[in-house]
Structure formats: C-alpha cells, structure tokens
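Thanks for coming. I will talk through one protein, starting with its charged pairs and ending with the overall picture. Please keep the structure open in front of you.

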Amino acid sequence: LPDFINNTDSMFIDVHGNQTQLLAWSKCFIKSNMDCATCHNTHENERGNITLYNERCKTCHTTTEHNLTANGSMQLNKFINNNCVNCHMPTQSSKKIIMQTSGSGSMFSAAAVNHRIAVYSEETNRIMKLFHN
C-alpha cells in the first residue's frame, strides 16, 4: 500500500469530511478502477438501500473471505453475508459537527457513513457480541 495509507494524519480526518479522500485510502479503491459511480447511481435515489450496496460489494468480493463464517452460527453468517456496508463502511459520529436540540438543549454529533472501506475492529467486536451473548 502507498505510504499515505499508514499516515497517522489519515486517522484524524473526520467522517463528515472529504468522503472522496476517505475512499481513496481504501484498498478497494487502490487495487481497482473503482470510483464513486461504482457504488452510486447518480440518476437514482438509492439512499438506505443496503441490499443494493451489498450486491455491488459482491461483484468483486465473496463472503468466503471472512474468517468469522467458518465457526460462526447460521444467523451470524447470514448477517455477515448481508451487511458488507454496515461493517466495512460504518456510520460514525462526527468529531467536528456537534448540534444542539432546541428545547432540551441536548448535544449530539452528526453521523455519516465512513467511505474509507476497511476492517473496523470496533464494528467486528460489536457484531460478535450480538451473536455470542
């Protein structure tokens, strides 16, 4: 991988920041000819259609690439096979955009899908706890 992938500065790019740059740091991007249109059809509103995005992941990847599926439960295997985007592009809270609700004054962070396609250990741990408790 290029040196900039391992650059610690990349870890501090906010999820609500430059999605194109986050994508460019992904192995999927580096090792292929993908661009935004590989996953997004600009002529259709596909927002929230996880099934469609997962199918697009599977045009290059197979679910047999996961270490978890060999020893996992049937429900875990089904979850993994149908949640590529949720695991490898998780929705994360912004550290830069904090909002306050009117009335209660509660503070919360804006959330966005992280377009750096990667293995996120916190997501793996969260999912494993769901199926092993």
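The side chains of E55 and K58 meet in a salt bridge, with N and O 4.0 Å apart. Please keep in mind that this is a predicted model, so every distance I quote is computed from it.

How exposed are these two residues? E55 is partly exposed, at a relative accessible area of 43%. K58 is partly exposed too, with 29% relative accessibility.

As background, side chains of opposite charge can pair when their charged atoms come close. How many salt bridges does the structure hold? There are three, so two remain to be described.

Take R56 and E46 next. Their side chains form a salt bridge at 2.8 Å, again N to O. Where do the two residues sit? R56 is in helix α4, which covers residues 50–57, while E46 is in the loop between α3 and α4. Because of that placement, the pair ties together parts that are ten residues apart in sequence. R56 is partly exposed, at 21% relative accessible area. E46, at 10%, counts as buried. For that step you need the cut-off: buried means under 20%.

The remaining pair is E123 and R126, whose closest N and O atoms are 3.0 Å apart. Both residues lie in helix α8, residues 121–131. They are three residues apart, which is about one turn of the helix. Is E123 buried or exposed? With a relative accessible area of 14%, E123 is buried. R126, at 40%, is partly exposed.

Stay with E123 for a moment. What does E123 touch, if we do not count residues up to four places away in sequence? The answer is N86, C87 and P90.

Another residue of helix α8 is S121. S121 is partly exposed, with a relative accessible area of 48%. Its C-alpha atom is 9.8 Å from that of H88, and the two residues are 33 apart along the chain.

Now to the loop between α6, residues 74–81, and α7, residues 84–88, where you will find N83. N83 counts as buried, at 12% relative accessibility. What does the side chain of N83 reach? It reaches the backbone oxygen of F79, at a distance of 2.7 Å.

Next, the nonpolar side of things. Which residues make up the largest nonpolar core? There are six of them: L23, M34, Y53, V85, M89 and I117. Look at M89 in particular. Leaving aside neighbours within four places in sequence, M89 is in contact with C84, V113, N114, H115 and I117. I117 thus appears both in the core and among the contacts of M89.

Then the strands. Strand β1 spans residues 91–100 and strand β2 spans residues 107–113. In what sense do they pair? They are antiparallel, and the pairing runs over six bridges. Two places are worth finding on your screen. S93 stands opposite A111 in β2. M99 has F108 in β2 as its bridge partner. As a general point, in a regular strand the side chains alternate between the two faces of the sheet.

The two strands form a hairpin, with six residues between them. G103 is in that turn, and its phi is positive, at about 90°.

Last, the whole protein. How many helices and strands are there? The count is eight helices and two strands. From the N terminus on, the order is α-α-α-α-α-α-α-β-β-α. Helix α8, the one with E123 and R126, is therefore the element that closes this order.

The protein has 133 residues, and buried ones make up 25% of them. Its accessible surface comes to about 9,300 Å². Carbon and sulfur atoms account for 54% of that surface.

One more figure concerns contacts along the chain. Among contacts with a separation of 6 or more, what share comes from residues 24 or more positions apart? The share is 54%.

To go back to where we began, E55 and K58 form a salt bridge, and both are partly exposed. In the other two pairs, one residue is buried: E46 and E123. That is the end of my part.

Definitions and conventions
Residues numbered from 1 in each chain as written. Predicted model: local features only at pLDDT ≥ 70, side-chain atom pairs only at ≥ 80, totals over all residues. Heavy atoms only, no water. Helix = DSSP H or I, 4+ residues; strand = E, 2+ residues; numbered from the N terminus. Buried < 20%, exposed > 50% of the residue type's maximum accessible area, 1.4 Å probe, protein only. Core = buried A, V, L, I, M, F, W, Y, C linked by side-chain atoms within 4.5 Å. Contact = heavy atoms within 4.5 Å. Pairing = 2+ DSSP bridges. Areas by Shrake-Rupley, 256 points an atom, 1.4 Å probe, with all protein chains shown as cover. Polar contact = N/O pair within 3.5 Å; in protein donor to acceptor, adjacent residues only side chain to side chain.
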